[in-house]
Amino acid sequence: MGFRNAIGTGAATNFNCSHSLPITAWDIAKPLGDTVCWANSLLWEKEELTSYNHHFKILPESLDAEIYWSFDLGEFPAGPEMKITWDPWDVKNNRPHVGVGTNPKLKVTYENPQSKYADFMPPDNRWFGKKKITVQVGDATVTRPVWFFFLAPANRTIRQGGEMECAWFHYWKEGRVVPAFTDMGFEFDATLTVAAKYVWSPLWGTKYYVGRWSHSQIAMKPVFDVNVPGSYTEENYPNGEGKVGAHTLAKLCEHEWWHDRLDNEVRLPPFGLGRWDRDGDGLSNAREAELGTKINRKDTCGLANFDPTYSKYADYADQELFCRWKEITAPKGNPSKDWSSGGAQFPNPEN
């Protein structure tokens, strides 16, 4: 499956792919049925559309009737920048979007010289998910599903400045899979070494960031008792809310937003509200009362001692605990639009 990059020549941005599917006894072979699985899925990477364990061909190899292949164009974004063509195509009936023969190659092309990115990945989330491919042999017509996904950490180069941005950030923001990316103003920082962070300055205010591997984080539900020192522990979120994907990113964003808000509450005027924080843990006395933690103890529940990597929280453990507490009821992501590799809709080879 080859690609030709026209970037830098003044020509339009192009991406295309070639792929073929088999039919057996006037049917499209479906190794694991009509449900989403490895064998019925295609993965979009930076500059190519790849398949898993497909070795597709027409069976039987010799057929007398003409064979036509087509996608339902209504399932893809409409517009002059999007083209679906085949090689060979139905010249006789002037249908470039219909393939002819026992092994035609599908070509998908997106032509937009104004694209933000210097690569070939689809422009929006509507290109992914379940699509239908139809094979017509004589008077017989068979339609079978094919699923399109994208490689979550695939790097995308932004034309202006050459900065990098991961595919998951673009599609999860564009499709409002994680609404916080837009609603809270989160930006992407490829150099970020933590899951998410905020940066405050008296000159420009607050900026929020997520990094390259933020999408692979797992969220754990905090369990604590403010009346019992050292009572902190963690458990899995129910219904997959803590698994890798949209829900966890939504929780990460909520978490950082609260850190910013809590810091602003205890920061001295004119740069903050100047609320009283008796123990200096970054959580105002009023917020301590809301959570139930102690106003004279920075780590009421022993969070910093729960895990060796948590020792960094010793000086602001109660603020960290408050942010984790707010994660529990954070607005969720939208996994129904998560078509990333490893995401909520990604195929399980055991299905």
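Start by selecting strands β3 and β8 (residues 129-137): they pair in the antiparallel sense, over 5 bridges. Strands here are DSSP runs of E of at least two residues, helices are runs of H or I of at least four, and both are numbered from the N terminus. Two strands count as paired if DSSP finds at least two bridges between them.

Before going on, note that this is a predicted model, where local features need pLDDT of at least 70 and side-chain atom pairs count only at pLDDT 80 or more, while totals for chains, interfaces and linings use all residues. Residues are numbered from 1 along each chain as its sequence is written, and side-chain values use heavy atoms, with hydrogens and water left out.

**Stop 1: around β3**

Click isoleucine 67 in β3, then its bridge partner in β8, valine 137. Now add strand β6 (residues 95-100), which pairs with β3 in the antiparallel sense over 3 bridges. Here serine 70 has valine 98 of β6 as its bridge partner.

Is β3 buried or exposed? Buried means under 20% relative accessible area, exposed over 50%, and partly exposed in between (1.4 Å probe, protein chains only). 5 of the 5 residues of β3 (residues 67-71) are buried, so this strand is largely enclosed by the rest of the structure. In a regular strand, side chains alternate between the two faces of the sheet. Show the side chains of β3: Ile67, Trp69 and Phe71 are on one side, Tyr68 and Ser70 are on the other, and all are buried.

Next, step to glutamate 81, in the loop between β3 and β4 (82-87). Glutamate 81 is partly exposed, with a relative accessible area of 34%. Select proline 113 too: the two residues are 32 apart in sequence, and their C-alpha atoms are 9.7 Å apart in space.

**Stop 2: β1 and β9**

Select strand β1 (residues 41-44) with strand β9 (residues 140-150); they run parallel and are joined by 4 bridges. Serine 41 has tryptophan 147 of β9 as its bridge partner. In β1, Ser41 and Leu43 point one way, Leu42 and Trp44 the other way, and all are buried.

**Stop 3: helix α1**

Move to helix α1 (residues 167-174), where 6 of the 8 residues are buried. Among them are Trp168, Phe169 and His170. Just after α1, look at arginine 176, which takes a positive phi of about 55°.

**Stop 4: the largest pocket**

A pocket is found on a 1 Å grid over the protein atoms alone, as an open set of points with protein on both sides within 12 Å along at least five of seven lines; unlike a pocket, a cavity is a set of points where a 1.4 Å probe fits but cannot get out, and lining residues have an atom within 4 Å of a point. Select Ala195, Leu252, Tyr313, Glu320 and Arg324, which lie nearest the centre of the largest pocket, out of 28 lining residues. Which elements give two or more residues to this lining? They are β13 (196-201), α3 (246-266) and α5 (317-327). The largest share, 7 residues, comes from α3.

Select α3 itself, where 16 of the 21 residues are buried.

**Stop 5: threonine 300**

Finish at threonine 300, in the loop between α4 (285-291) and α5. Threonine 300 is buried, with a relative accessible area of 1%. Its side chain makes a polar contact of 2.8 Å with the side chain of aspartate 318. A polar contact is a pair of N or O atoms within 3.5 Å; within protein, one must be able to donate a hydrogen and the other to accept it, and residues adjacent in sequence count only if both atoms are side-chain atoms.
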